[in-house]
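User: Please take a close look at one part of this chain: the nonpolar interior. I would like to know what is packed there and what surrounds it.

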Amino acid sequence: MQRVDVVIPCYNYAHFLQECVESVLSQAGVDVRVLILDDCSPDNTPEVGSALASRDERVTYRRHTANKGHIATYNEGIEWAGGDLFLLLSADDYLLPGALGRSAELMRNNPDVGFTFGNALIAEPHGIITKRVDPLGNKSVPPKQVLTGPQFMRLSGANNLVPTPTAVVRTALQKQVGGYHKELPHTGDMEMWLRLASHAGVGYINEDQAVYRRHSSNMSLQYYGKSILPDLRQRKQAFDILFRQGAANLRKDEKLRRFLARDLGKEALRMAGMAFNNFDVATAAAIQRFALEVSPEVRNSLPWIKLVCKQTIGPKYWYALNSIGRRVAG
């Protein structure tokens, strides 16, 4: 059987840790090994982690003496990994039955595939499943599909297409491309999938592979709530790093570079429209300037024209027109 090394970074998630670890240990068809990396949690993670390690020799528990942050913790896990396949799984998420077996089978049958991903379920803090993340959004997609690197990049565009707890990577490729960038604390995942795809194909599994838990302490939610613009700037930085450090053939692909820049510009305009609808006119204008800086072509796009119309009318009258339109439609 293929060995899958699963690194579980944990900070203050002792109450979720056992469910996460057990979801890995119960995977069929693969040989699993688990490393719990406790980033100096102030809760009872040491007790829970040590107990899990004492009960199963496949589990190792390691605690930091000081908090290192998630990027350093991820990279420590990459250095530890030595199996055929590798997965970073946050302690507040968990795998669904058969997830690792399906990923391992796809990569065993397709040596050119560097990583796989699949669908994920979203759970609220109390554990109730509320929705599904279907990355390709198409029920007609076959159970398993192999994408070329460029195909994946175009599908992903300016967004993170991959539900992180479903991403199983070929360890040798992960070691080849290196770890996560400390300057991308909030878009590191997106950049990593694009970087891997610049070197290899990507497998998609059209099944529910993992459960992502959504709650108020999710780092990404906290960050997004503070400001949209820093998130967009990190996405641009991720693209810049990708085209500097990705595979050699990628660095020369100006067509793809322009496509990603245009997609980021359109995404920025969409968010500018959201800010405007929330009466944050200054933020909307700042994001609009960023969109133009990233891709001057967006000036001719429909989202740009729509935003300019909103700005011309003004937020108060735009809101009134929208309210009337909704009532008429209702």
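Analyst: What follows covers the nonpolar cores, then one leucine, then one helix. This is a predicted model, in which local features need pLDDT of at least 70, side-chain atom pairs count only at pLDDT 80 or more, and totals for chains, interfaces and linings use all residues. Residues are numbered from 1 along each chain as its sequence is written, and side-chain values use heavy atoms, with hydrogens and water left out.

A nonpolar core here is a set of buried Ala, Val, Leu, Ile, Met, Phe, Trp, Tyr and Cys residues joined through side-chain atoms within 4.5 Å; buried means under 20% relative accessible area, with a 1.4 Å probe and protein chains only. The largest core has 65 residues, and Phe115, Phe117, Phe152, Tyr180, Trp193, Leu196 and Leu232 touch the most other members. Helix H11 (residues 254–277) gives this core its largest share, eleven residues; helices (H or I, at least four residues) and strands (E, at least two) are DSSP runs, numbered from the N terminus. A second, separate core of 33 residues includes Val24, Leu85, Ile205 and Ala210.

Leu173 lies in helix H6 (residues 171–177) and is buried, at a relative accessible area of 9%. Beyond neighbours within four places in sequence, Leu173 is in contact (heavy atoms within 4.5 Å) with Gly114, Leu196, His199 and Ala200. The C-alpha atoms of Leu173 and Leu85 are 9.4 Å apart, although 88 residues separate them along the chain.

In helix H1 (residues 14–25), the buried residues are Ala14, Phe16, Leu17, Cys20, Val21, Ser23, Val24 and Leu25. Their cover includes strand S1 (3–10), strand S2 (31–38) and helix H2 (45–55).

How values were computed:
Buried means under 20% relative accessible area, exposed over 50%, partly exposed in between (1.4 Å probe, protein chains only).
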